[in-house]
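Work through these exercises on aromatic rings and nonpolar cores. Try each task before you read its solution.

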Amino acid sequence: MTGAEPPLSDTETAFQDMAHAFARDVMRPVGEKLDRMTQDEILKKDSIYYTEFRPKYLALEINPVTLSELPPEELGKVLPIIMEEFGWGDGGLSVTIGACQLPPLLALMFGKQHLLERFPVDLIGCWAITEPDHGSDSLDPSKQIFHPQGNYGRPNCVAKIDGNKVILNGQKSAWVSNGPIADVCVLYSAADRGNGPDPENGVVMLVPMNAKGVSRGKFIDKLGQRPLPQGEIFFDNVELSADHIIAGPEEFQRAVYAIHCEANGQMGAIWTGSARASFEIAWKYAHERKQGGVPIYRHQSVAKSLFHMYRKVEASRALVRRVALYNMTSPMPSLQSAMATKVTATQTAFEVASDALQMLGGNGNTREYPIEKILRDARASMIEDGCNEILSIKGGYQMMDPDLL
């Protein structure tokens with residue numbers, strides 16, 4: 001029903017089949033069970049997050065190191081296919097996969113082989129960038145979205161660079177994906193080189209979560225993406241050697257640009273998959289449910305609604321895959337294009353899920369059908385990794401002045 005495109009290559013088909021089987025057999029059933037568990041139950045080492053999801057995901061060996069063996073042209077086609085299938089399975093678990101991939105991905109992107117060896121791909125990673133007082137503006141070190149009369153204020157987390165060591169103090173917000181369970185943290189922080197904290201020229205580093213002075217907040221209770229553990233991280237005089245740094249102040253804005261392109265591109269693929277899942281549920285239900293003596297898809301309003309769901313999924317996928325290929329093969333990836341995929345896909349996921357729930361009627365509100373969970377998950381997607389409103393403003397400025405990061 002969807003996928004109006006030429007046949008995939010053998011490599012693309014193999015990855016799609018592998019990812020879809022994992023999404024169907026592991027992610028969707030595990031995600032539905034985790035969604036109904038308390039946060040404490042999810043964190044227990046004998047929970048299905050650890051006993052079923054994690055080992056089966058690691059067995060796939062789909063990670064930045066193995067994928068880096070593909071030529072850029074092929075990787076640009078394969079990665080969005082994989083992440084779409086994961087998103088079809090479960091949005092929250094897809095984000096936890098994405099967070100796990102960030103430490104090795106950043107180490108590869110910036111040529112830090114020693115960090116890749118120190119923090120191997122089987123560790124659980126997290127991405128700590130937003131702070132209690134600084135949300136989506138943490139993705140805007142060039143202050144494109146900053147109000148001319150505004151005052152950024154003191155950052156909540158500061159990395160003091162002192163010779164060959166870095167001392168961390170402060171906290172990251174409750175929305176650190178994988179924060180409560182991570183082994184290693186990709187930390188984006190303001191830097192202090194002796195003249196006070198500088199949020200525009202910060203530091204990116206890998207922080208072992210068992211380092212002295214690192215502690216975690218509570219796994220927050222949320223409306224959607226409940227299988228995704230998120231919580232605060234605190235740093236109390238955490239002292240690390242400077243070789244934990246991925247990008248120093250001179251490279252900080254480039255590092256924000258790089259991870260923003262990557263994260264938004266993956267979000268686009270994930271939530272395209274979620275939208276596709278909603279459409280497929282609605283299509284199936286429309287053939288099973290009868291009203292007025294016929295299956296409801298025979299009614300014009302239902303057929304029209306299904307068509308517009310299909311149209312939105314196709315448009316989102318086309319944009320995501322085009323941008324992924326361009327950004328993987330271009331000397332300079334396009335940030336505004338990556339943001340366009342995230343905004344388009346997340347808005348599509350929410351709209352298609354909402355329309356699907358309406359089609360299911362009262363049944364759509366019950367837990368007997370997965371659509372109410374998908375709707376909750378999709379609603380959160382329009383806020384995470386930069387809320388869509390901020391991304392739209394920053395994307396507009398990026399188009400007008402591409403020299404600004």
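**Exercise 1.** Which residues form one aromatic cluster with F22?

Solution. Start with the pairing rule. Rings of Phe, Tyr and Trp (its six-membered ring) pair if their centres lie within 6.5 Å. The cluster holds F22, Y49, Y50, F53, Y57 and F86. This is a predicted model: local features need pLDDT of at least 70, side-chain atom pairs count only at pLDDT 80 or more, and totals for chains, interfaces and linings use all residues. Residues are numbered from 1 along each chain as its sequence is written, and side-chain values use heavy atoms, with hydrogens and water left out.

**Exercise 2.** Find the contacts of F86 and place this residue in a core.

Solution. Contact means heavy atoms within 4.5 Å. Leave aside neighbours within four places in sequence. F86 then touches A19, F22, A23, M27, L60, I62, S94 and I97.

Next, the core. A nonpolar core is a set of buried Ala, Val, Leu, Ile, Met, Phe, Trp, Tyr and Cys residues joined through side-chain atoms within 4.5 Å. Buried means under 20% relative accessible area; exposed is over 50%, and partly exposed lies in between (1.4 Å probe, protein chains only). The largest nonpolar core has 85 residues, and F86 and L168 have the most contacts inside it. Helix α8 gives the most to this core, with 11 residues. A second, separate core has 23 residues, among them L102, L106, A247 and V256.

**Exercise 3.** Classify the ring pairs of Y188 with W127 and with F252.

Solution. A pair of aromatic rings is described by the distance of the centres and the angle of the planes. Planes under 30 degrees apart count as stacked, over 60 as edge-to-face and the rest as tilted. The count comes to 11 aromatic pairs.

Take W127 and Y188. Their centres are 6.3 Å apart and their planes stand at 65°, an edge-to-face pair. W127 is in strand β1 (residues 125-128) and Y188 in strand β4 (residues 184-192), 61 residues apart. Helices (H or I, at least four residues) and strands (E, at least two) are DSSP runs, numbered from the N terminus.

Now Y188, which is buried at 2%. Its ring centre is 6.0 Å from that of F252, and the planes are at 55°, so this pair is tilted. F252 lies in helix α8 (residues 252-288) and Y188 in strand β4, so the pair ties together parts 64 residues apart in sequence. F252 is buried too, at 4%.
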